[in-house]
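Work through the two exercises below with the sequence and the structure side by side. Each task sentence is followed by a solution that goes step by step.

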Amino acid sequence: MSEPLLAVRDLHAWYGEGHALHGVNLDVLRGETVTLLGRNGVGKTTTLRAIVGLVRERSGSVVFNGSDLIGLPLHRVARQGIGYVPEERGIFATLTVDENLILPPVVAKGGMSVDEIFDLFPNLKERRNSPGTRLSGGEQQMLAIARILRTGVQMLLLDEPTEGLAPVIVQRIGELLATLKKRGMTILLVEQNFRFAARIADRFYLMEHGKVLEGFPVAELAAHTEKLHEVLGV
Ligand code: ATP
């Protein structure tokens with residue numbers, strides 16, 4: 001078995017006195033798409049934020065591409081080739097699509113040019129002069145992903161990329177993630193839309209109470225339906 005690109009071991013995280021992660025263990029292999037499932041508040045977002053260091057009060061280890069990210073300052077994490085797209089998307093609302101795409105620094109080789117981005121996201125090209133505030137939710141999500149792709153990351157962490165989007169746009173996001181996967185991108189995502197997650201993921205981790213309860217491949221999804229129904233209510 002190949003070395004995981006991302007290996008998280010015994011990851012704990014705190015918000016002040018609040019102990020949010022209680023020893024998360026997970027692996028993501030190079031080129032895999034892995035989905036974190038779990039009810040609201042179990043720590044899915046915190047897991048992504050603690051991996052990249054946006055939650056600073058942590059312990060455990062987060063080894064990405066052979067380096068432990070735990071000791072690194074935030075600005076050095078992106079340079080390792082891992083990028084986080086938050087649920088709130090984090091684009092510059094007053095800047096145009098073009099400006100949003102020009103700003104991110106290319107931190108690793110493989111960063112896509114603006115032309116490559118527009119080939120991948122033709123709808124963003126049509127909207128290139130529109131400010132972020134004028135974009136639809138789906139366009140904002142695509143721009144948020146596109147900005148990270150400009151930097152040259154090998155791995156994307158996506159927090160609920162389909163939240164609040166119409167079914168046709170959800171499908172577009174699914175196609176986009178499938179294209180990125182074909183190009184070798186490694187993806188860890190949090191997703192409440194179970195049907196969407198089932199279409200794109202190779203593996204799943206089910207979280208409860210700040211921990212990973214279990215992991216299973218997509219082929220075992222049917223065998224886990226009852227458990228998921230019980231834990232997630234899906
Ligand atoms: P959701 O889908 O609702 O975001 P989640 O599984 O992603 O749920 P987290 O957002 O990671 O869960 O939250 C885990 C725990 O940490 C919850 O108990 C939450 O209340 C707490 N928490 C999250 N963010 C903060 C914060 N900024 N300050 C204090 N506590 C927080």
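**Exercise 1: the ligand site**

In this predicted model, the side chain of Asn40 places an N or O atom 3.4 Å from an oxygen atom of the ligand. Starting from this pair, describe the surroundings of the ligand.

Step 1. The Asn40 pair, at 3.4 Å, falls within the 3.5 Å limit for a polar contact. A backbone N or O atom of Gly43 is found 2.9 Å from a ligand oxygen atom, and a polar atom in the side chain of Thr46 is 2.5 Å from an oxygen atom of the ligand.

Step 2. Taken alone, the ligand exposes 620 Å², of which the protein buries 55%.

Step 3. The residues around the ligand include Tyr15, Arg39, Lys44, Glu160 and Gln192. By class, this shell divides into six polar, three nonpolar and three charged residues, and its largest share, three residues, is contributed by helix 1 (residues 44-52).

**Exercise 2: the sheet**

Determine the strand order of the six-stranded open sheet, and explain why strand 6 and strand 10 each have one side without a neighbour.

Step 1. The order is 6-7-8-3-9-10, with mixed pairing.

Step 2. Strand 6 (82-85) and strand 10 (211-217) stand at the edges with a single partner strand each, and therefore one side of each has no neighbour in the sheet.

Step 3. On average, neighbouring strands are turned by 15° against each other, direction ignored.

Step 4. Strand 9 (residues 203-208) pairs with strand 10 in the antiparallel sense over six bridges, and Met207 stands opposite Val212 in strand 10.

Step 5. Helix 9 (residues 225-232) packs on the sheet, where it touches strand 3 (33-37), strand 9 and strand 10, and its direction makes about 35° with that of strand 9.

Technical notes. Residues are numbered from 1 along each chain as its sequence is written. This is a predicted model: local features need pLDDT of at least 70, side-chain atom pairs count only at pLDDT 80 or more; totals for chains, interfaces and linings use all residues. Side-chain values use heavy atoms; hydrogens and water are left out. A residue is near a molecule or strand if one of its heavy atoms lies within 4 Å of it. A polar contact is a pair of N or O atoms within 3.5 Å; within protein, one must be able to donate a hydrogen and the other to accept it, and residues adjacent in sequence count only if both atoms are side-chain atoms. Accessible areas come from the Shrake-Rupley method with a 1.4 Å probe; for residues, only the protein chains shown count as cover. Helices (H or I, at least four residues) and strands (E, at least two) are DSSP runs, numbered from the N terminus. Ala, Val, Leu, Ile, Met, Phe, Trp, Tyr, Cys and Pro count as nonpolar, Asp, Glu, Lys and Arg as charged, and the others, Gly among them, as polar. Two strands pair if DSSP finds at least two bridges between them. Axes are lines fitted to C-alpha atoms, for helices over the stretch in contact, and angles run from 0 to 180 degrees between N-to-C directions. Contact means heavy atoms within 4.5 Å.
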